[in-house]
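Let's take a friendly walk through this structure together, one region at a time. Keep the sequence and the 3D view at hand as we go.

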Amino acid sequence: MPNRMLKFVSLDQRMPHKRSASERSEDFEEIYDEFDPDSAADQAGRCSQCGVPFCQVHCPVHNNIPDWLMLTAEGRLEEAYEVSQATNNFPEICGRICPQDRLCEGNCVIEQAGHGTVTIGQVEKYITDTAWEEGWVQPVKPTHERDQSIGIVGAGPGGMAAAEQLRRKGYQVTIYDRYDRAGGLMIYGIPNFKLEKEVVERRSRLIADAGVEFRLNFEVGRDASLGELRARHDAVLLATGVYKARDVKLPGAGLQNVFPALDYLITSNRKGLGDEVPDFDNGTLNAEGRDVVVIGGGDTAMDCVRTAVRQGATSVKCLYRRDRKNMPGSQREVANAEEEGVEFVWLAAPEAFDGSDNTVEQVRAVRMHLGVADATGRQTPQPVEGSNFTLKADMVIKALGFDPEDLPVLFNAPELETTNWGTVRVDHRTMMSNLDGVFAAGDIMRGASLVVWAIRDGRDAAESIDRHLKAKAEGPAVMAAE
């Protein structure tokens, strides 16, 4: 077979067709078309098959990217899917929402050499979507069943990844979640134009078909305490994510029409799912006809500004205290937002929210400059004296990040230890908390992060739970050696 790789010297990088900004701003459908087979093979063939695959090194789940790119280039798609899903429980989701420009593609060797990165994310999406269409994606079937049961709190990416891995080993698994659908922020936080809900729902159905039980609309602390779950199961995994919105203590922060980002996104996503959403229908959380200011520079802020555009906002501005180079969100998302008409106000921070009749009318802001770097290496924003200005706004969305909820209080488990940041304190070697048999994974352990890191943590937690239960079954001597 002729060598189909190393085409980067003769073939330019090409993404799938992206719908025009004017077209895509009118709906919530995904903005990229899918590769056709020839384009996918050609783009996969641009891979240099380098000896040290930095794309794989910088992927949190360490996907065998060069291998499945080569198999795609050779037209061996079913094998490519098997390699892709061997390290990742949600490859088609990561292909859509991972910030590849910061992870695999940003560290691609040929990108560093100036040839343009391999379009890893789009090829990954193509491989797995093809696998679904062809019927290659099948539920896990354990070779033997185990009597031990595991309760997982949280039906997000970390919890579902752990559940699938544990079912693969034959454990009986129940996932508890307070929402009415599985998927966590993949369902309620991420808009359809980045991740269509059916993509998440079919994965949830697959995991259910593997024998995982979902207990939805179930709140730990209301329907059962953490102690009761521990009595019910041989091990418990906390994979709740972090939902507590960070806030700004500024004058006027309590005015009407100043909202946390997640309230806004959940409302929009529920409307898209066909739910009855009074706060959208009565206009409270609908940006149509409004001057919207979003505060923040992460991916959640990008989701908010691009949602506001699609809802028909009169104007949409993003206020961020650092410059474009230093923003935490994906640069691709920023570019997409700019194409869709979002105005970015860089190096600016809010000072107050002004209004009348208890309703916000404008944001008072100040220009910033980047000063001396802090302990993390990031330059600290400092206000520029006398640079105050105002932005018209009758809707303000605060996208400032998320912190953990108080799980010891929420779960009626004061004995559960947490860190100074509110995350569950774990032994990072075993991922077990101070409570025997209670583990943690994802954002509730590491702080707000990416879906792909939650998947990695869920997989690692499944391995730790398996080792713990086997050691426990074999006796105290083995557990001491563990």
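Glu 145 is partly exposed, with a relative accessible area of 48%. Please keep in mind from the start that this is a predicted model. The side chain of Glu 145 meets that of Arg 167 in a salt bridge, with 2.9 Å from N to O. Glu 145 sits in the loop between α8 and β1 (149-153), while Arg 167 belongs to helix α9 (residues 157-168), so the salt bridge ties together parts that are 22 residues apart in sequence. Is Arg 167 buried or exposed? Its relative accessibility is 5%, so Arg 167 counts as buried. Side chains of opposite charge can pair when their charged atoms come close.

That pair has plenty of company, as the structure holds 41 salt bridges. Try finding the one between Asp 42 and Lys 7, where the closest N and O atoms are 3.6 Å apart. This salt bridge links distant parts of the chain: Asp 42 is in helix α2, Lys 7 is in the segment before α1 (21-24), and 35 residues separate them. Asp 42 has a relative accessibility of 31% and counts as partly exposed. Lys 7 is partly exposed too, with a relative accessible area of 25%.

Now move along the chain to Asp 457, which forms a salt bridge with Arg 446, the closest N and O atoms being 2.8 Å apart. Here the partners come from two helices: Asp 457 lies in α19 (residues 451-474) and Arg 446 in α18 (residues 443-446), so the pair ties together parts that are 11 residues apart in sequence. Asp 457 is buried, with a relative accessible area of 3%, whereas Arg 446, at 37% relative accessibility, counts as partly exposed. Elsewhere, salt bridges share partners: Lys 18, Arg 24, Arg 306, Arg 310, Glu 333, Glu 339 and Glu 340 are joined into one network in this way.

Let's return to helix α8, which spans residues 120-134 and contains Thr 130. Which residues does Thr 130 touch, not counting those up to four places away in sequence? They are Leu 77 and Trp 136. Thr 130 has a relative accessible area of 9%, and since buried means under 20%, Thr 130 is buried.

Two loop residues are worth a stop for their backbone angles. Gln 49 has a positive phi of about 50° although it is not a glycine. You will find Gln 49 in the loop between α2 (37-44) and α3 (54-57). With 26% relative accessibility, Gln 49 counts as partly exposed. The other stop is His 62, also not a glycine, whose phi is positive at about 55°. His 62 is found in the loop between α3 and α4 (65-73), and its relative accessible area of 36% makes it partly exposed.

Next come the strands. In what order do the strands of the open three-stranded sheet lie? The order is β10-β11-β12, and the pairing is antiparallel. At the edges are β10 (348-356) and β12 (379-392), each of which pairs on one side only. From one strand to the next, the twist averages 20°. Strand β11 (residues 359-373) is joined to β12 by nine bridges, and the two run antiparallel. To see one of these matches, look for Met 368, whose bridge partner in β12 is Pro 383.

Our last stop is strand β13 (residues 395-398), where Met 395 and Ile 397 point one way and Val 396 and Lys 398 the other way. In a regular strand the side chains alternate between the two faces of the sheet. In β13, all four of these residues are buried.

Which strands pair with β13 in the parallel sense? One of them is β6 (residues 258-260), which pairs with β13 over three bridges. Here Phe 259 stands opposite Ile 397. Another is β7 (residues 291-295), which pairs with β13 in the parallel sense over four bridges. Along this pairing, Val 292 has Met 395 in β13 as its bridge partner.

Methods: Residues are numbered from 1 along each chain as its sequence is written. This is a predicted model: local features need pLDDT of at least 70, side-chain atom pairs count only at pLDDT 80 or more; totals for chains, interfaces and linings use all residues. Side-chain values use heavy atoms; hydrogens and water are left out. Two strands pair if DSSP finds at least two bridges between them. Axes are lines fitted to C-alpha atoms, for helices over the stretch in contact, and angles run from 0 to 180 degrees between N-to-C directions. Buried means under 20% relative accessible area, exposed over 50%, partly exposed in between (1.4 Å probe, protein chains only). Contact means heavy atoms within 4.5 Å. A salt bridge is a side-chain nitrogen of Lys or Arg within 4 Å of a carboxyl oxygen of Asp or Glu.
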